[in-house]
Amino acid sequence: MKSVRITRYPINPAEVLALVGDREAGGAVLFVGTIRRRSEGKAVEGLTYEVYRGMAERRMREIEEEVRKKWPVMKIAMAHRYGQLKVGEVSVAVAVSCEHRAEAFEACRYAIDTIKRALPIWKKEHFKGGAQTWVKGTPIEA
Amino acid sequence: MKVLYFAGAQGLANLRSESLHLKEGSSVKDMAAEMLRLHPELRGIEPTIRYSVNFELAESNSLLHDGDEVAVLPPVAGG
């Protein structure tokens with residue numbers, strides 16, 4: 001499995017974590033993003049993620065390079081899903097292994113924050129009752 | 001060049017992609033002006049749109065060439 005991946009199939013967080021296994025590492029941090037059942041007080045049935053795939057995969061590899069420049073990372077793995085997801089499903093997973101936990105937490109935090117700001121990915125919320133709306137978002141960052 | 005529309009921009013323009021023919025030496029800014037002429041529905045969100053050329057974010061003065069893939073990127077919400 002690739003360490004950086006945009007996929008329409010379900011993400012298994014344990015597999016993403018396994019990708020960063022390293023005998024030199026003292027720890028690994030795993031972040032798992034899931035679909036919340038409420039958004040701004042309204043009941044959500046699910047989300048549809050749209051992605052500009054070619055650009056998103058390229059940006060993910062750049063994020064990996066940025067993380068490696070900033071922290072002494074052993075291994076890093078990222079997966080983001082697209083298509084239709086139901087409440088409770090995993091939309092994104094990021095795993096980072098380092099020699100020490102402090103840098104693993106920081107690197108993982110940076111990676112997920114950057115994924116949210118800098119990847120060409122959009123989500124449409126489907127509310128109970130049938131209403132649908134694109135999540136407002138923020139202009140994509142370099 | 002090929003222009004791709006995503007998410008809210010796709011809904012407003014009511015299309016996924018189209019071919020635009022601009023004169024040699026045109027920039028992203030020129031392409032955006034042509035886009036708004038063809039799809040005035042996008043005017044409201046244009047200030048929030050960013051553009052990529054061949055998968056890289058582009059400045060408004062970036063020059064475009066035949067065969068480029070330009071994407072119209074409304075505000076993103078990954079994660």
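Two strands count as paired if DSSP finds at least two bridges between them. Helices (H or I, at least four residues) and strands (E, at least two) are DSSP runs, numbered from the N terminus.

We're working on a predicted model, where local features need pLDDT of at least 70, side-chain atom pairs count only at pLDDT 80 or more, and totals for chains, interfaces and linings use all residues. Residues are numbered from 1 along each chain as its sequence is written, while chains are lettered from A and ligands numbered from 1 in the order in which they are written.

**Exercise 1.** Find what stands opposite A:K124 in strand 9 of chain A, then look at the turn.

*Solution.*
- Start with the partner: A:W134 of strand 9 stands opposite A:K124.
- Next, the pairing: strand 8 (121–127) and strand 9 (132–134) of chain A run antiparallel over three bridges.
- Now the turn: these two strands make a hairpin with four residues between them, and A:G129 there has a positive phi of about 105 degrees.
- Finally, go to strand 4 (42–51) of chain A, which pairs with strand 8 in the antiparallel sense over seven bridges. Here A:T48 stands opposite A:K124.

**Exercise 2.** Work out the strand order of the open sheet in chain B.

*Solution.*
- Five strands line up as 2-1-5-3-4, with mixed pairing.
- The edges are strand 2 (17–19) and strand 4 (56–58) of chain B, each pairing on one side only.
- From one strand to the next, the twist averages 30 degrees (axes are lines fitted to C-alpha atoms, for helices over the stretch in contact; angles run from 0 to 180 degrees between N-to-C directions).
- At the strand 4 edge, strand 3 (50–53) of chain B pairs antiparallel over three bridges, and B:Y51 has B:A58 as its bridge partner.
- Helix 2 (28–38) of chain B lies across strands 1, 3, 4 and 5 of chain B, at about 120 degrees to strand 3.

**Exercise 3.** Is B:I45 buried, partly exposed or exposed, and why?

*Solution.*
- Locate B:I45 in the loop between helix 2 and strand 3 of chain B.
- Count neighbours: B:I45 is partly exposed because 14 C-beta atoms lie inside 10 Å (buried needs 20 or more others within 10 Å, exposed 12 or fewer, with C-beta atoms placed from the backbone).
- List contacts (C-beta atoms, placed from the backbone, within 7 Å): leaving out residues up to four places away in sequence, B:I45 touches B:G8, B:A9, B:L12 and B:P74.
- Check B:P74: 29 residues from B:I45 in sequence, with the C-alpha atoms 7.6 Å apart.

Technical notes: Two residues are in contact if their C-beta atoms, placed from the backbone, lie within 7 Å.
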